[in-house]
Amino acid sequence: MDGNGRWAKERNKPRVEGHYQGAKQIEKVLQSAKDCGVKYITLYAFSSENWNRPKDEVDALMSLLLASIQENRKLIIENKIRFRTIGNIEELPQNCVEEIRKLENDSKNFTEQTLVLALNYGSRDELARAVSKLATDVADGKIKASEITYEKIAENFDTADIPDPDLMIRTSGEMRLSNYLMLQSAYAELYFTKTYWPDFGHKEFLEAIQEYQRRERRYGLTGEQINVK
């Protein structure tokens with residue numbers, strides 16, 4: 001969900017205002033996804049590299065995360081949306097962790113739609129954690145090293161219970177994956193738009209879906225999962 005800072009800068013506003021306006025788009029995109037029959041949507045909300053940003057901005061992002069979860073709790077429960085997170089959540093502030101785990105637990109049996117937030121997430125970190133787990137299993141005699149396949153590695157990803165993405169959307173004009181679901185996106189269609197995330201609404205979402213539908217798909221994917229960076 002890229003471009004919040006630049007959106008704010010072009011309007012002579014503080015960067016945190018861009019993040020605040022960006023948070024408002026989540027409900028709109030969720031509804032757009034539902035209208036299009038998309039069952040899974042994953043949003044890259046905070047990367048493992050984002051800790052390198054100025055402390056006041058990081059603190060503001062954590063406060064915004066907490067407020068967004070609290071404010072959208074009713075929406076998520078009433079619409080029977082399963083809420084999930086991926087990433088090393090335990091390194092977030094404790095009050096954020098508690099709200100996240102509570103909402104995950106309270107929505108775990110919902111099947112209408114799944115909203116996944118990538119928080120303190122990075123593909124390289126995810127891969128390292130998965131391989132470390134398998135190395136421990138080999139040392140403990142639970143699995144042989146010769147039995148390790150990509151499928152075995154993927155079983156230890158944060159996304160183990162989530163379909164691989166069919167479409168990856170990146171806003172703001174940047175054209176890279178930025179350490180986001182890199183292995184899971186091996187066969188995803190990539191869609192780049194110059195629109196900043198705070199301006200990315202129903203119209204822009206439909207344009208991405210329509211572009212996806214125009215492409216020839218050769219890998220038999222379901223079209224159920226959309227990811228936004």
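# A tour by selection

Start with Glu174, which is partly exposed at a relative accessible area of 23%. The model on screen is a predicted one.

Keep Glu174 selected and add Arg176: the two form a salt bridge whose closest N and O atoms are 2.8 Å apart. Arg176 is partly exposed as well, with a relative accessible area of 46%.

Now go to helix α7, residues 202-214. Select Lys203 and Glu207, which both lie in this helix, four residues apart, or about one turn. Their side chains meet in a salt bridge of 2.8 Å, N to O. Lys203 counts as exposed because its relative accessibility is 51%, and exposed means over 50%. Glu207, with a relative accessible area of 32%, is partly exposed. For a wider view, select Asp2, Arg6, Arg170, Glu174 and Arg176, which are joined into one network by salt bridges that share partners.

Across the whole structure, a search finds 22 salt bridges. One of them links distant parts of the chain: Arg15 in helix α2 and Glu57 in helix α3 (residues 55-78), 42 residues apart. Select this pair to see their side chains meet at 3.0 Å, N to O. Are the two partners buried or exposed? Arg15 is partly exposed, with a relative accessible area of 40%, whereas Glu57 counts as buried at 9% relative accessibility.

Stay on helix α2, which covers residues 15-35, and select Ser32. Ser32 is buried, its relative accessible area being 1%. Which residues does Ser32 touch, leaving aside those up to four places away in sequence? They are His202 and Phe205.

Next, select strand β1, residues 40-47. Seven of its eight residues are buried, so the strand is largely enclosed by the rest of the structure. Add strand β3, residues 113-121. Strands β1 and β3 run parallel and are joined by seven bridges. To look at one position in this pairing, select Ser47, which stands opposite Tyr121 in β3.

The last stop is on the surface. Select Leu127, Val131, Tyr150 and Leu183, which make a nonpolar patch of about 300 Å². Leu127 lies in helix α5, residues 123-139. With 32% relative accessibility, Leu127 counts as partly exposed.

Methods: Residues numbered from 1 in each chain as written. Predicted model: local features only at pLDDT ≥ 70, side-chain atom pairs only at ≥ 80, totals over all residues. Heavy atoms only, no water. Patch = residues over 30% accessible without salt bridge, like charges linked within 9 Å, V, L, I, M, F, W, Y side chains within 5 Å. Areas by Shrake-Rupley, 256 points an atom, 1.4 Å probe, with all protein chains shown as cover. Salt bridge = Lys/Arg side-chain N within 4 Å of Asp/Glu carboxyl O. Helix = DSSP H or I, 4+ residues; strand = E, 2+ residues; numbered from the N terminus. Buried < 20%, exposed > 50% of the residue type's maximum accessible area, 1.4 Å probe, protein only. Pairing = 2+ DSSP bridges. Contact = heavy atoms within 4.5 Å.
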